[in-house]
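Please look through the model below, first along its chain and then around its nucleic acid strands. The paragraphs that follow move from one helix to the core and on to the DNA.

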Amino acid sequence: MKPTRGGEAYRVYRLLYKAYGPQRWWPAETDYEVCVGAILTQSTSWRNVEKAVLNMKAAGILGNDAILEAKSAGIARLIRPSLYYNVKARKLKEFAGFLGREYGGKVGNMRRERTATLRAKLLSVWGLGPETVDSMLLYALGRPSFVVDAYTRRIFRRLGLTGEDARYDVLKAYFENHLPRKAGLYNEYHALIVEHGKSVCRTKPKCGVCCLRRMCGFNLKVPDG
DNA sequence: GCCCAGGTGGGTA
DNA sequence: TACCCACATGGG
């Protein structure tokens, strides 16, 4: 199917954009900070991630070499606000080891790789799953790799646009096959989904559908397949 | 007290 | 493949 701006996926995007305006993500100062944040935000609210990132900055360890040199226990203590701090300290070290070995410790050096190749390599790193990897690809490198998260799954299931138990790659393909392959669009779309999800769709609505469905006037069609 | 937060890895059947 | 659980804590 040819990606189009006329489909339901794009229509939902326009509704969200109208409701919340441009989000201009990712909230970070450097590409490296985006990657660190992508790991720290796993199953954690951004507010807590911010505290952890500030602690790392204050301690001067928000860099690849510094993370490699630091002790796991020391990193864990700093990132305590982001939850799961022991496993996340290991994840930061695993990522730093990978980046050091493969790309000289520079996020920018990953740009020489094709997206599919880089995605596969990042997924092979312990602690980096599809959402974390796609966040790095999209927000640190500007690659058009759609990020699927719990909000995405919840909202689009309630809208009836995706299956009840669609797997990550199926949801990702739904967006990438129904939208123009533009990083800027994916960037705003995921950010808008998170904004909507945390502000409105956090609790399960009594009607069982996302409030977006009301915004759409209940006229959304379920796409084929 | 209960539920959830921008997941992921490992174990089991 | 499909579940379950561990990781871990604070705020609504």
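Against which helices do the buried residues of H11 pack? They pack against helix H1 (8-20), helix H8 (130-140) and helix H9 (150-159), where contact means C-beta atoms, placed from the backbone, within 7 Å. This is a predicted model, in which local features need pLDDT of at least 70 and side-chain atom pairs count only at pLDDT 80 or more, while totals for chains, interfaces and linings use all residues. Residues are numbered from 1 along each chain as its sequence is written, and chains are lettered from A and ligands numbered from 1 in the order in which they are written.

Helix H11 itself covers residues 183-199, helices being DSSP runs of H or I with at least four residues, numbered from the N terminus. Among its buried residues (20 or more other C-beta atoms within 10 Å of their own) are Tyr186, Leu192 and His196.

The largest nonpolar core, a set of buried Ala, Val, Leu, Ile, Met, Phe, Trp, Tyr and Cys residues joined through C-beta atoms within 7 Å, has 54 residues, of which Cys35, Val36, Ile75, Leu92 and Met136 touch the most other members. Helix H2 (residues 31-40) gives the most to this core, with seven residues. Because domain 1 (8-23 + 148-182 + 193-215) and domain 2 (31-140) both contribute residues, the core lies between them; the domain bounds come from an automatic or database assignment.

Around DNA strand B there are 23 residues, the closest being Gln42, Ser45, Gly129, Thr132 and Ala150, counted as near if the C-beta atom, placed from the backbone, lies within 6 Å of the strand. H8 gives the most to this surface, with four residues.

Note on methods: Helices (H or I, at least four residues) and strands (E, at least two) are DSSP runs, numbered from the N terminus. The expected span of a helix is 1.5 Å times one less than its number of residues. A residue is buried if 20 or more other C-beta atoms lie within 10 Å of its own, exposed if 12 or fewer, and partly exposed in between; C-beta atoms are placed from the backbone. Two residues are in contact if their C-beta atoms, placed from the backbone, lie within 7 Å.
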